[in-house]
Structure formats: structure tokens, C-alpha cells
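Hello,

Here is the structure I promised to pass on to you. Please have a look at it first, and then read my notes below.

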Amino acid sequence: MASKIWHILLEQRLLLLLHLAVVITRLGSADAGNSPIVYDGLVGGNVTIYCPVAEESQLEFLYFQKVVDGKPVFLNGYHSKPLPTQLPNTEMDQNHTKMHIYRLKLSDSGEYQCFYRYKNAASGNLYEVQLYLNVTALFSKPEISVRCREESGVPSDCNVTCHSHNGLSGKRMEWNVLGNDNRDMWRVLRNDESPSRDELVSISSTANFNCSVGEVKVSCSVDSLTSETVSACSSKFPPDPPYNFSSAVIAATVICSVFVFGPLLFWWLKNRTGTDKGSVEQNIVEEVIVLQPMGS
């Protein structure tokens, strides 16, 4: 009876016993004293962490865990016996030596451990590999806009604003000014930061440009991403758009012209015809008179 109870306890406490075995045999681990293997990931992305085992040797088990507040938390792994439920955003590969982590969050950063033991190994050593995952976030490409105040159609000063989203707190927008880069003629009015999502923030920055320096080209940057370049203090007016007459407009214009000018043209032609007829008759009469004989 006592033997059966002991067997059940061993099944339920498998991971705890494995961890204790690591503590006891740590000095004999092949990876003891080595620096952790470092992995990098981006928020919302995926990463694969690898436990470097001998490919020619068969494994009895291999599993990954994360250290949270100084305590190990099981993530995923392989064993000939059942293991605790793995985290839903993790998956082991078919060779049982790699673990994929999906939909990374900032909280996934930290210390990880891989434990494994070779099958039928003479030493029976339990090996440990230290891993470290660094999760960061990059801001989106900045969006830039320009608003100018004008006097008599000529800009007197312009405010240029840049926005970027879903990055790490504490970062600032950098301004890139091309052309007349007189630092006394422009200044940063404000820098804002607001919560975005999942421990991330959105940032914005507004700079004011005095247009007495003339036209300048401006862009902004954050996390090695640069916005489009815009023009500030430009006094050039855009050309008038070309007029495109459609066939319908042309036809309507012709019809209207016929209705308006048609009657006028008819009246003018009628009057002109009457005048010309009278002139012809008068010329005929005068010609007859001239041809009469002198003695009659």
C-alpha cells in the first residue's frame, strides 16, 4: 500500500523532483557557469528559443521553464510521461529541442531555463541551459503634418507635428531640418506621450518654424524610422488645375448657343436680304433711264 502511494506522489511531483535534481547535480552540469544564451523579440512577433543538445543522442526528456519572481514556471516540453499543461502561446518543434513563443509581450522578457537528460546515459546527469529573452517594441513610422499662419497670403510661421504609435515609454521624436537650419528660428513647442496598448505608448512632437528664414524641408525620426519630408514656410502657390471639358458640357454649350444666337442670325439674314433686293431694283431703274435715246 505504501509503495502505491509513493508511486502516485512521484507521478504528480515529477517536475518538482526534476528541479531538485538539478539543484543537486548543478555542479556537474555541462553548462554550469556559462553566460546565458540571449534571444531578441518584438512585441506582437514570434521567437524560437533553442536548447543545444547533442543531436546524435536520444533524449529522455527536455522542457523549458521561465523564472518569475524567483520561482520556476513550466512552459512546454517533452517527456515520456505526462507533463503539466503548457502555455497556450508556446509550441515545441518535432525534434523536441526548440520552443516557439507566439504573440510576444513585454512581460515575456526575462530569464528562461532548459532542462534535459539523455536516454540510457551512463552518468544520468540532468543538464541545465540558461537562456534570456529580451522583448522590445519599435514605434510605427512617424506621420507628419504642417499648419501655417499666413499674412496677405504669405506664411509667417508654421507648426509641424509628428505622431508615432506603439513603442516603449521614454523615447522622444527627433527633428531633421534641411536647408536653412538656423536653430534660433525654430523650436520644439511640446512633446506628448500617451498610453497605447499592452504597456506601449504613443508619442507626438510639435515644432514651430519662423518663416523669416524662408522655406525649409522637415522630417522627424524615432527608432530609426523617418517620416516623409514636408515643406514648411513655402510661399509658392500651386498652379491652377487644368480645365477639363467633357463632351456633355461641350454639347450643352453648342445647343444653348443655337437657341440664343439662332433667332438673331435669322433676323439679321432676313433684313439683309430685303435691303439687297431693294438696291438691285433701284439699280435696274436707274440703268433703264440712262439707256433712253437723247431725242425722245
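**What I found**

Let me begin with a pair you can look up straight away: Thr90 stands opposite Ile101 in strand E6. Please keep in mind throughout that this is a predicted model.

**The overall picture**

The protein has three helices and 16 strands. Of its 296 residues, 30% are buried. The protein exposes about 19800 Å², and carbon and sulfur atoms supply 56% of that area. Among contacts between residues at least 6 apart in sequence, 61% join residues at least 24 apart.

**Two open sheets**

Back to Thr90 and Ile101, which face each other across E5 and E6. E5 and E6 (residues 98–101) pair in the antiparallel sense, over three bridges. They belong to an open sheet of three strands, in the order E2-E6-E5, with antiparallel pairing. Strand E2 (47–50) and strand E5 (90–92) are the edge strands, and each pairs on one side only. On average, neighbouring strands of this sheet are turned by 25° against each other, direction ignored.

Another open sheet has five strands in the order E1-E8-E7-E3-E4, and here the pairing is mixed. At its edges stand strand E1 (37–42) and strand E4 (71–79); each has a single partner strand, so one side of each is left without a neighbour in the sheet. The twist in this sheet averages 25° from one strand to the next. Strand E3 (residues 59–68) and E4 run antiparallel and are joined by eight bridges. If you want a spot to find that pairing, Val67 stands opposite Pro72 in E4.

As general background, strands of a sheet pair through backbone hydrogen bonds, either parallel or antiparallel.

**A buried arginine**

What is the nearest side chain of opposite charge to the buried Arg117? That side chain is Glu60, 4.2 Å away, and Arg117 has no salt bridge. The cut-off for a salt bridge is 4 Å between a side-chain nitrogen of Lys or Arg and a carboxyl oxygen of Asp or Glu, which is why a distance of 4.2 Å does not count. Arg117 has its place in strand E7 (residues 110–118). Leaving aside neighbours within four places in sequence, Arg117 is in contact with Leu59, Glu60 and Phe61, and also with Gly124, Asn125 and Leu126.

**Hairpins and a covered strand**

Further along the chain, strand E12 (residues 186–195) and strand E13 (residues 201–210) run antiparallel, joined by nine bridges. Trp186 has Phe209 in E13 as its bridge partner. E12 and E13 form a hairpin with five residues between them, and Asp198 in the turn has a positive phi of about 45°.

Strand E14 (residues 216–222) deserves a look of its own. How many of its seven residues are buried? Six of them are, which leaves E14 mostly covered. Here are the strands I found paired with E14:

- Strand E11 (residues 174–178) runs antiparallel to E14 and is joined to E14 by five bridges; Leu178 has Lys217 as its bridge partner.
- Strand E16 (residues 230–232) pairs with E14 in the antiparallel sense over three bridges; Val216 stands opposite Ala232.
- Strand E15 (residues 225–226) pairs with E14 in the antiparallel sense over two bridges; Val222 stands opposite Leu225.

E14 and E15 also form a hairpin, with two residues between them, and Asp223 in the turn has a positive phi of about 50°.

**Salt bridges**

A search of the whole structure finds five salt bridges, and three of them may interest you.

Lys141 forms a salt bridge with Glu228, with the closest N and O atoms 2.8 Å apart. This pair links distant parts of the chain: Lys141 is in the loop between strand E8 (127–136) and strand E9 (143–151), Glu228 is in the loop between E15 and E16, and they are 87 residues apart. Lys141 is partly exposed, with a relative accessible area of 42%.

Arg149 forms a salt bridge with Asp157, the closest N and O atoms being 2.7 Å apart. Arg149 counts as exposed, at 55% relative accessibility, whereas Asp157 is buried, at 14%.

Finally, the side chains of Arg190 and Asp192 meet in a salt bridge of 3.7 Å, N to O. Arg190 is partly exposed at 45%, and Asp192 is partly exposed at 38%.

Enjoy exploring, and best wishes!

Conventions:
Residues numbered from 1 in each chain as written. Predicted model: local features only at pLDDT ≥ 70, side-chain atom pairs only at ≥ 80, totals over all residues. Heavy atoms only, no water. Pairing = 2+ DSSP bridges. Helix = DSSP H or I, 4+ residues; strand = E, 2+ residues; numbered from the N terminus. Axes fitted to C-alpha atoms, helices over the stretch in contact; angles between N-to-C directions. Buried < 20%, exposed > 50% of the residue type's maximum accessible area, 1.4 Å probe, protein only. Contact = heavy atoms within 4.5 Å. Areas by Shrake-Rupley, 256 points an atom, 1.4 Å probe, with all protein chains shown as cover. Lys, Arg positive; Asp, Glu negative; His and termini not counted.
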